[in-house]
Each structure stands twice: as C-alpha cells, then as structure tokens.
Amino acid sequence: KSTTVDSTQNVVSHDPRQERKALKRRQVLLLHLKRFKVTPSYKLEKVNDPVDLLRDLIVSSNETACCYSFISTINHMGSSTQRGHSNCDGVDPDVGLEDPTDCWFTYDDSRVRETSGDYVCDRRKETAYILSYRRQD
C-alpha cells in the first residue's frame, strides 16, 4: 500500500523547474514525527498516537513523482519525554529492498537481532519518531 505526499510545500520557488530539481536531489527522505506536545502549563508531554508505517511512499509535485522505500526507523519507548529507551530498526544493507526475505535488524545498544519489515511496521506504530526512506531509481 502506498500514500502520496505533496512535496511542493518544501520548495521555496514555485517555478516547476525548481520543483523538479529539488525532487531529483532527494536520495533519502527523513521524516521526523512530532511525538510530544506542550501542555497549557508549558510542560512537554509524550504523544503515543499510532502512525501507519508505510513500506512505500510516493512523493509528487505537479510534474513528477518519486517512489521511496522504507529503510529505517528510530524509536523511543518510555512513558515520558524525560525517560525511556531508544533503538533503531533498519533494512539489511546487503539485501535488496525487493528481496522476499524481508531481512531487517534491530539495533539496541550493543545487541543486534534479526527482524522483518512487517514486524517493524506493525510494532513501531506508537514509538517511531524518525523514519528514513530511500528513493527507488
């Protein structure tokens, strides 16, 4: 399943040639999810709302579109912005994105374990806060 993101918001110029150039330059797309909110008393509160982690993301402008593949996430597990633990999940760099083995790794301090992209997309919905996508050429 894929979704479409309009990239024109991030382009300073409204000249279509500039939009194409900006879109072509993005080999890696990083999405930082806002996982906190400021309370009326000006304190930070953690937000655990689930987010669908999509394996493929289509980024488009008026004249062109690119497809990006999900390659990693940084996660925060914990009850507040002040406490918790972070880890990272990433696709195996030695295996192609279309490989049927779907081999990913979870990096957790000094421990590395094998996992799958399906597991990551299912289990990190409430903890992911930085998502990495690589452009498919």
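Biologist: Asp109 lies in the loop between β8 (103–108) and β9 (111–116). What is the sign of its phi angle?

Modeller: First, a caution: this is a predicted model. Phi of Asp109 is positive, about 55 degrees, although Asp109 is not a glycine.

Biologist: Is Asp109 buried or exposed?

Modeller: Read relative accessible area against two cut-offs: under 20% is buried, over 50% is exposed. Asp109 reaches 67%, so it counts as exposed.

Biologist: Which loop holds Tyr42, and what is its phi?

Modeller: Tyr42 sits in the loop between β3 and β4. Its phi is near 65 degrees, again a positive value in a residue other than glycine. Tyr42 is exposed, because its relative accessibility is 72%.

Biologist: Which residues form a nonpolar patch on the surface?

Modeller: To join a patch, a residue needs over 30% relative accessible area. Here the patch consists of Phe36, Val38, Tyr42 and Leu44. Together they have about 460 Å² of accessible area. Phe36 belongs to strand β3 (residues 36–38). At 36% relative accessible area, Phe36 is partly exposed, so it clears the patch cut-off of over 30%.

Biologist: Let me step back. How many helices and strands are there?

Modeller: The chain has 2 helices and 10 strands. Along the sequence the pattern reads β-α-β-β-β-β-β-β-β-β-α-β. Of the 137 residues, 35% count as buried. The chain exposes about 9,000 Å², and carbon and sulfur atoms supply 49% of that area.

Biologist: How much of the contact set joins residues 24 or more positions apart?

Modeller: Take the contacts with a separation of 6 or more. Residues 24 or more positions apart account for 58% of them.

Biologist: Where does pLDDT stay under 50?

Modeller: Start with the rule. Where pLDDT is low, the predicted coordinates should not be read in detail. In this chain, pLDDT stays under 50 over residues 1–14. The model still has 30 contacts beyond four places in sequence for that stretch. Averaged over the chain, pLDDT is 83, and 78% of the residues score at least 70.

Biologist: On to charges. How many salt bridges are there?

Modeller: The test is a side-chain nitrogen of Lys or Arg within 4 Å of a carboxyl oxygen of Asp or Glu. The count comes to 4. Among them is Asp102 with Arg55, whose closest N and O atoms are 2.6 Å apart. That pair links distant parts of the chain: Asp102 is in the loop between β7 and β8, Arg55 is in the loop between β4 and β5, and they are 47 residues apart.

Biologist: Which other residue forms a salt bridge with Arg55?

Modeller: Asp118, with the closest N and O atoms 3.0 Å apart. This pair also links distant parts of the chain: Asp118 is in helix α2 (residues 117–123), 63 residues from Arg55. Arg55, Asp102 and Asp118 are thus linked in a network of salt bridges.

Biologist: Which members of that network are buried, and which are exposed?

Modeller: Asp102 counts as buried, because its relative accessibility is 15%. Arg55 is partly exposed at 28%. Asp118 is exposed at 52%.

Biologist: And which residue meets Arg124 in a salt bridge?

Modeller: Asp89, at 2.7 Å from N to O. The two are 35 residues apart, with Arg124 in the loop between α2 and β10 (128–135) and Asp89 in strand β7. Both Arg124 and Asp89 are buried. For Asp89 the relative accessible area is 0%.

Biologist: What else does the Asp89 side chain make a polar contact with?

Modeller: The side chain of Asn75, at 3.0 Å. Asp89 is found in residues 85–91, the span of β7. Leaving aside neighbours within four places in sequence, its contacts include Ile71, Ser72, Trp104, Phe105 and Val120.

Biologist: One last loop. Where is Pro50, and what does it touch?

Modeller: Pro50 is in the loop between β4 (44–46) and β5 (56–60). It counts as exposed, because its relative accessibility is 56%. Not counting residues up to four places away, Pro50 touches Lys125 and Glu126. Compare sequence with space: Pro50 and Glu126 are 76 residues apart, yet their C-alpha atoms are 4.5 Å apart.

Technical notes. Residues are numbered from 1 along each chain as its sequence is written. This is a predicted model: local features need pLDDT of at least 70, side-chain atom pairs count only at pLDDT 80 or more; totals for chains, interfaces and linings use all residues. Side-chain values use heavy atoms; hydrogens and water are left out. Patches are made of residues with over 30% relative accessible area and no salt bridge: like charges are joined within 9 Å, nonpolar side chains (Val, Leu, Ile, Met, Phe, Trp, Tyr) within 5 Å. Accessible areas come from the Shrake-Rupley method with a 1.4 Å probe; for residues, only the protein chains shown count as cover. Helices (H or I, at least four residues) and strands (E, at least two) are DSSP runs, numbered from the N terminus. Buried means under 20% relative accessible area, exposed over 50%, partly exposed in between (1.4 Å probe, protein chains only). A polar contact is a pair of N or O atoms within 3.5 Å; within protein, one must be able to donate a hydrogen and the other to accept it, and residues adjacent in sequence count only if both atoms are side-chain atoms. Contact means heavy atoms within 4.5 Å. pLDDT is the predictor's confidence in each residue, from 0 to 100.
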